[in-house]
Amino acid sequence: MMQDKPGQDSCRKVPQEQIETVATVVSVDRGWVRLTAERRSACSTCSSASGCGTAALSGLFSNRPADIYIRDNFEARPGEQVVIAMGGGQLVLASLLVYFVPLVGLVGGAVVGSALGLGDLAAALMALLGLVGGFAIARRKGSGGSAAQAYAPVFVRRLGGGAHPGGPGLKGA
């Protein structure tokens with residue numbers, strides 16, 4: 001994704017295959033906007049949700065709203081609702097980074113421990129060490145400047161489609 005340059009309107013265009021959600025502005029501080037968005041799963045729209053174990057698990061872990069931080073390039077005001085989006089490809093890459101890299105570390109550690117013939121306990125400890133290493137790699141790769149910006153959602157529009165007077169908001173969309 002392109003990086004914003006000084007003096008450039010930083011309301012970036014979002015790819016056509018995007019995932020959008022409505023979020024509420026909680027606070028604005030030093031050029032950053034803290035948003036909160038309700039976590040939703042596809043289970044709520046599924047006709048089999050009442051008898052599905054996945055829907056039950058989703059309900060256990062999806063009750064808290066998600067806190068999201070984005071750059072204040074649209075003159076946000078606390079309490080207003082906005083639409084933010086993330087490209088589908090970005091979401092897949094972020095998911096791979098968060099889930100797949102630690103899993104590879106876990107399996108890799110177990111394989112190395114077994115291959116060295118150190119016994120089951122040592123192989124389990126190597127697997128745990130690989131998992132922790134995988135999480136460390138994912139955190140380092142995902143929290144650096146350009147990587148963090150690449151996986152960050154972007155402002156699309158204010159709810160209701162109107163632009164904030166004097167602000168660079170997008171009309172419609």
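**Exercise 1. The chain as a whole**

Task: Among contacts between residues at least 6 apart in sequence, work out what share joins residues at least 24 apart.

Solution. Start with the term: a contact means heavy atoms within 4.5 Å. Among the contacts that pass the 6-residue limit, 71% join residues at least 24 apart. Before you go on, keep in mind that this is a predicted model, where local features need pLDDT of at least 70, side-chain atom pairs count only at pLDDT 80 or more, and totals for chains, interfaces and linings use all residues. Residues are numbered from 1 along each chain as its sequence is written, and side-chain values use heavy atoms, with hydrogens and water left out.

Next, list the elements. Helices (H or I, at least four residues) and strands (E, at least two) are DSSP runs, numbered from the N terminus. The chain has four helices and five strands, and from the N terminus their order is β-β-α-β-β-α-α-α-β.

Last, look at the surface. Buried means under 20% relative accessible area, exposed means over 50%, and partly exposed is in between (1.4 Å probe, protein chains only). Of the 173 residues, 27% count as buried. The accessible surface comes to about 11,200 Å², and 62% of that belongs to carbon and sulfur atoms. Such areas come from the Shrake-Rupley method with a 1.4 Å probe, and for residues only the protein chains shown count as cover.

**Exercise 2. Strand 4 and its neighbours**

Task: Find which strands are joined to strand 4, and in what direction they run.

Solution. First, the rule: two strands pair if DSSP finds at least two bridges between them. On one side of the list is strand 1 (residues 18-29), joined to strand 4 by seven bridges and running antiparallel to it. You can check one bridge yourself: isoleucine 19 has methionine 86 of strand 4 as its partner.

Then take strand 5 (residues 154-158). Four bridges join it to strand 4, again antiparallel. Here alanine 85 stands opposite valine 154 of strand 5.

Now ask how covered these strands are. In strand 4 (residues 81-87), six of the seven residues are buried. In strand 5, five of the five are buried, so that strand is largely enclosed by the rest of the structure.

**Exercise 3. Salt bridges**

Task: Count the salt bridges and say which parts of the chain the pair glutamate 20 and arginine 157 links.

Solution. A salt bridge is a side-chain nitrogen of Lys or Arg within 4 Å of a carboxyl oxygen of Asp or Glu. By this rule there are five. One of them brings together glutamate 20 and arginine 157, at 3.7 Å from N to O. Glutamate 20 is in strand 1 and arginine 157 in strand 5, so the pair links distant parts of the chain, 137 residues apart. As for cover, glutamate 20 is partly exposed at 33% relative accessible area, while arginine 157 is buried at 18%.

Next comes glutamate 80 with arginine 158, at 2.9 Å from N to O. This pair also spans distant parts: glutamate 80 is in the loop between strand 3 and strand 4, and arginine 158 is in strand 5, 78 residues away. Both glutamate 80 and arginine 158 are buried. Add Arg77 and you get a network of salt bridges linking Arg77, Glu80 and Arg158.

**Exercise 4. Two positive phi angles**

Task: Find where arginine 30 and glutamate 75 lie, and whether each is exposed or partly exposed.

Solution. Arginine 30 isn't a glycine, yet its phi is positive, about 50°. This residue lies in the loop between strand 1 and strand 2 (32-37), and at 75% relative accessibility it counts as exposed. Arginine 30 also forms a salt bridge with aspartate 29, with the closest N and O atoms 3.6 Å apart.

Glutamate 75 isn't a glycine either, and has a positive phi of about 55°. Look for glutamate 75 in the loop between strand 3 (66-71) and strand 4; it is partly exposed, at 38%.

**Exercise 5. Helix 3**

Task: Compare the reach of helix 3 with its expected span, then find what its buried residues pack against.

Solution. The expected span is 1.5 Å times one less than the number of residues. Helix 3 (residues 120-143) has 24 residues and reaches 34 Å from its first C-alpha to its last, close to the 34 Å expected. Its buried residues are Ala123, Ala127, Gly130, Gly134 and Ala138, and they pack against helix 2.
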